[in-house]
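Have you ever wondered how a label such as "buried" or "salt bridge" gets attached to part of a protein? Let's go through some labels together and check each one against its rule.

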Amino acid sequence: MKDSLKPGIRYEHKFVVPPTKTVPALYPESPEFQAMPEVFATGYMVGFLEWACIMCIKPHLNWPQEQSLGTHINVSHEAATPPGLEVTATVEVTAVEGRRVTFAVSAHDGVDVIAQGTHERFVVDKERFDNKVRDKRDRKQAN
């Protein structure tokens, strides 16, 4: 991590919601999801907020050797957004404690605030993390 990673760093990220990011698209194998409205899915919205946080701190990491992984999310989903609308995420680093980075996050769709909350990410060494995941998979396959 670079010394420049500090509270107060802000980032704004924009994305036009396509039909592939709606509730029915989240789990196509679920008839229950297929019956639901075609609006921006909460699961995809969370991913969009994570994407904004990744982009916010990427210049302050030794990318791609260092990356960040989400470890906690606490957000509301306050309004439905149909496909075709542009959503904007605004994120701000509020704390850096060792390798843990905390963000205030919000998003709007040009009409309504659609999300507000907090998100935490943990900075990892990608090679070391990948090795741990591989070891876990190998242990499971050995059982």
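The questions and answers below take a predicted model and test its labels step by step.

Q: What makes up the overall fold of the protein, in helices and strands?
A: The protein has four helices and five strands. Following the sequence, their order reads β-α-α-α-β-β-β-β-α. The C-alpha atoms fill a box of roughly 45 × 40 × 20 Å along the principal axes.

Q: Why is the link between Arg99 and Glu66 called a salt bridge?
A: The rule asks for a side-chain nitrogen of Lys or Arg within 4 Å of a carboxyl oxygen of Asp or Glu. The closest N and O atoms of Arg99 and Glu66 are 3.6 Å apart, so the pair meets the rule. This pair links distant parts of the chain, with the two positions 33 residues apart in numbering. Arg99 sits in the loop between strand 3 (86-97) and strand 4 (100-108), while Glu66 belongs to strand 2 (residues 66-77).

Q: Are the two partners, Arg99 and Glu66, buried or exposed, or something in between?
A: Buried means under 20% relative accessible area, exposed means over 50%, and partly exposed covers the values in between. Glu66 has 8%, so Glu66 is buried. Arg99 has 37%, so Arg99 is partly exposed.

Q: How do you know that Arg100 and Glu97 form a salt bridge?
A: Their closest N and O atoms are 3.2 Å apart, and the limit is 4 Å, so the pair qualifies. Arg100 has a relative accessible area of 32% and Glu97 has one of 43%. Partly exposed is the label between 20% and 50%, so it fits Arg100 and it fits Glu97.

Q: What makes Asp138 and Arg137 a salt bridge?
A: Once again the distance decides. The closest N and O atoms of Asp138 and Arg137 are 3.7 Å apart, which is within 4 Å, so the pair counts. Asp138, at 37% relative accessibility, is partly exposed, and Arg137, at 44%, is partly exposed too. The structure holds seven salt bridges, and the pair of Asp138 and Arg137 is one of them.

Q: Why is His13 called buried?
A: The relative accessibility of His13 is 9%, and the label needs a value under 20%, so His13 is buried. His13 is placed in strand 1 (residues 10-16). Leaving aside neighbours within four places in sequence, its contacts include Phe48, Trp51, Met55 and Val87. Across the 143 residues of the protein, 31% count as buried.

Q: Is Thr90 buried or exposed, and how do you know?
A: Thr90 has 18% relative accessibility, and the cut-off is under 20%, so Thr90 counts as buried. Thr90 lies in strand 3. Beyond its neighbours within four places in sequence, Thr90 is in contact with residues including Tyr11, Glu12, Ala104 and Val105.

Q: What makes Gly84 count as exposed?
A: The label asks for over 50%, and Gly84 has a relative accessible area of 53%, so Gly84 is exposed. Gly84 is found in the loop between strand 2 and strand 3. Not counting residues up to four places away in sequence, Gly84 touches Val16 and Val17. Gly84 and Val16 are 68 residues apart in sequence, and their C-alpha atoms are 5.9 Å apart in space.

Q: Why is Val111 called exposed?
A: With a relative accessible area of 66%, Val111 is over 50%, so Val111 is exposed. Val111 lies in the loop between strand 4 and strand 5 (113-125). Its C-alpha atom is separated by 22 Å from that of Asn74, 37 residues away along the chain.

Q: How do you know that Val133 can be part of a nonpolar surface patch?
A: A patch residue needs over 30% relative accessible area. Val133 has 41% relative accessibility, so Val133 passes that cut-off. Val133 lies in helix 4 (residues 126-142) and forms the patch with Leu69 and Phe129. Together the patch has about 210 Å² of accessible area.

Conventions. Residues numbered from 1 in each chain as written. Predicted model: local features only at pLDDT ≥ 70, side-chain atom pairs only at ≥ 80, totals over all residues. Heavy atoms only, no water. Buried < 20%, exposed > 50% of the residue type's maximum accessible area, 1.4 Å probe, protein only. Contact = heavy atoms within 4.5 Å. Patch = residues over 30% accessible without salt bridge, like charges linked within 9 Å, V, L, I, M, F, W, Y side chains within 5 Å. Areas by Shrake-Rupley, 256 points an atom, 1.4 Å probe, with all protein chains shown as cover.
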